[in-house]
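User: I am new to reading protein models, and I would like to go through one slowly with you. Could you show me what to look for, feature by feature?

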Amino acid sequence: MKKILSLGLALLMVLAMAGAAMAEGKIGVAMPTQSLQRWNQDGANMKAQLEAAGYEVELTYSDNDVARQVNDIENMLTAGCEVLVIASIDGSSLGTVLETAKAMDVPVIAYDRLITDTDAVDYYATFDNYMVGVIQGTYIVDALGLADGAGPFNLEIVGGSPDDTNAGYFLAGAMDQLTPYIENGQLVVPSGQTTLAEVGTMSWKTETAQARFENIITAYYSTGATLDAVLCSNDSTAMGVINALTAAGFEEFPIITGQDCDKPNMQYIVSGIQSMSVFKDTRTLAEKVVGMVDALMKGAEPEINDTKTYDNGVKVVPSYLCVPVFANAENYKELLIDSGYYVEVNGEFITPDEV
């Protein structure tokens with residue numbers, strides 16, 4: 001009998017240990033697409049850090065298909081996810097499914113893209129998107145010597161996806177630096193295209209940016225006009241511009257800005273083709289979101305540092321803003337290599353898991 005009791009006690013202890021090792025809860029993470037490098041890294045970082053914190057993770061990519069993302073979120077709710085982290089494809093398209101989440105008391109954190117036109121989003125975690133544009137615009141101002149009166153110079157603009165709320169913040173930050181020089185004639189935009197409606201690149205696609213820029217080159221730069229700078233909101237659009245310039249036979253490249261420090265773009269930065277990018281360390285953003293999730297799961301208030309900026313049309317969404325960082329050929333080793341974000345092998349950039 002004592003032997004049986006001992007075995008029973010041992011079994012209970014094993015079950016208790018197994019229960020302790022079980023996930024603390026299930027978290028849904030909805031990413032927009034795997035076609036851009038940064039979302040793969042965001043998703044991987046988020047999943048790894050949430051799992052390290054003891055949570056089960058349902059991670060989906062929706063291939064830039066809004067209906068598919070809605071379905072993915074519905075499935076997460078059905079599967080018992082207790083918090084949703086959503087990088088939306090179209091920030092205004094999730095109202096109905098998020099009302100379901102709200103009715104089920106499932107908190108929603110908008111991840112790096114503001115979810116709009118609904119009160120069923122609880123928090124927003126992102127980088128300071130306006131500051132991203134400020135960094136890009138300031139780089140052009142400094143590189144051209146505009147503050148010292150230099151000019152005139154020709155500038156073209158390639159913006160982000162009009163259905164991504166971040167695109168407006170990026171462009172606004174940059175244009176606040178550049179507009180005074182456009183107005184006084186030091187910067188000239190031969191195409192005349194400066195608004196997001198005119199310069200936007202749907203889904204941030206390289207091919208879309210390339211096609212538009214090929215048209216700009218043909219219309220405004222085929223007879224010898226000098227192109228001095230291109231404000232590109234991110235690296236995928238910068239890649240489209242680089243492809244278009246290369247196809248047109250450009251040997252000397254203008255100033256080209258970017259964002260995300262994508263691997264092929266970093267090779268262009270090192271070689272002098274692209275001028276700079278803005279580094280947004282997805283590990284930092286993932287860490288902050290994991291902290292927010294953990295607080296929500298424990299019934300606490302998540303850490304936020306902005307309660308004024310991000311009005312989604314229905315409410316001002318409490319936000320945590322991480323700080324973006326300037327990156328170029330001179331400081332990339334410290335930012336990207338020494339920090340372990342990338343490994344540089346024979347002039348190529350790879351992620352640590354690819355080694």
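User: To begin with a single residue, in which strand is the place of Ser319?

Analyst: Ser319 sits in strand S11, which covers residues 319-322; helices (H or I, at least four residues) and strands (E, at least two) are DSSP runs, numbered from the N terminus. Please keep in mind that this is a predicted model, in which local features need pLDDT of at least 70 and side-chain atom pairs count only at pLDDT 80 or more, while totals for chains, interfaces and linings use all residues. Residues are numbered from 1 along each chain as its sequence is written, and side-chain values use heavy atoms, with hydrogens and water left out.

User: Is Ser319 buried or exposed?

Analyst: The general idea is that buried means under 20% relative accessible area, exposed over 50%, and partly exposed in between, with a 1.4 Å probe and protein chains only. Ser319 has a relative accessibility of 0%, and therefore counts as buried. Gly313, by contrast, lies in the loop between helix H11 (282-297) and S11, and is exposed because its relative accessible area is 61%. For the protein chain as a whole, 50% of the 355 residues count as buried.

User: Which residues does Ser319 touch?

Analyst: Contact means heavy atoms within 4.5 Å. Not counting residues up to four places away in sequence, Ser319 touches Tyr124, Ile304, Asn305, Asp306 and Tyr310. In addition, a polar atom of the Ser319 side chain lies 2.8 Å from the backbone oxygen of Val317.

User: Where is Arg113, and which backbone oxygen does its side chain reach?

Analyst: Arg113 is placed in the loop between strand S4 (108-111) and strand S5 (123-127), and with a relative accessibility of 6% this residue counts as buried. Its side chain reaches the backbone oxygen of Ser88 at 2.9 Å. Leaving aside neighbours within four places in sequence, the residues in contact with Arg113 include Trp39, Tyr124, Asp164 and Trp204.

User: How should I read two helices that pack together, and at what angle do H8 and H9 pack?

Analyst: Two packed helices are described by the angle between their axes and the distance between the axes. Axes are lines fitted to C-alpha atoms, for helices over the stretch in contact, and angles run from 0 to 180 degrees between N-to-C directions. Here helix H8 (residues 206-220) packs against H9 at an angle of about 40 degrees, with the axes 7 Å apart. That makes H8 oblique to H9, since angles under 35 degrees count as roughly parallel, over 145 as roughly antiparallel, 65 to 115 as roughly perpendicular and the rest as oblique. H8 passes H9 in a right-handed crossing, where the near helix is turned clockwise from the far one by less than a right angle, while anticlockwise would be left-handed.

User: What about H9 and H10, and which residues meet there?

Analyst: The axes of helix H9 (residues 235-247) and helix H10 (residues 263-271) come within 9 Å and cross at roughly 55 degrees, which makes H9 oblique to H10. H9 passes H10 in a left-handed crossing. Asp235, Ala238, Met239 and Ile242 in H9 meet Pro264, Asn265 and Tyr268 in H10.

User: How many helices and strands does the protein chain have?

Analyst: The secondary structure of the protein chain comes to twelve helices and 14 strands, and the C-alpha trace spans about 95 × 50 × 35 Å along its principal axes.

Conventions
A polar contact is a pair of N or O atoms within 3.5 Å; within protein, one must be able to donate a hydrogen and the other to accept it, and residues adjacent in sequence count only if both atoms are side-chain atoms.
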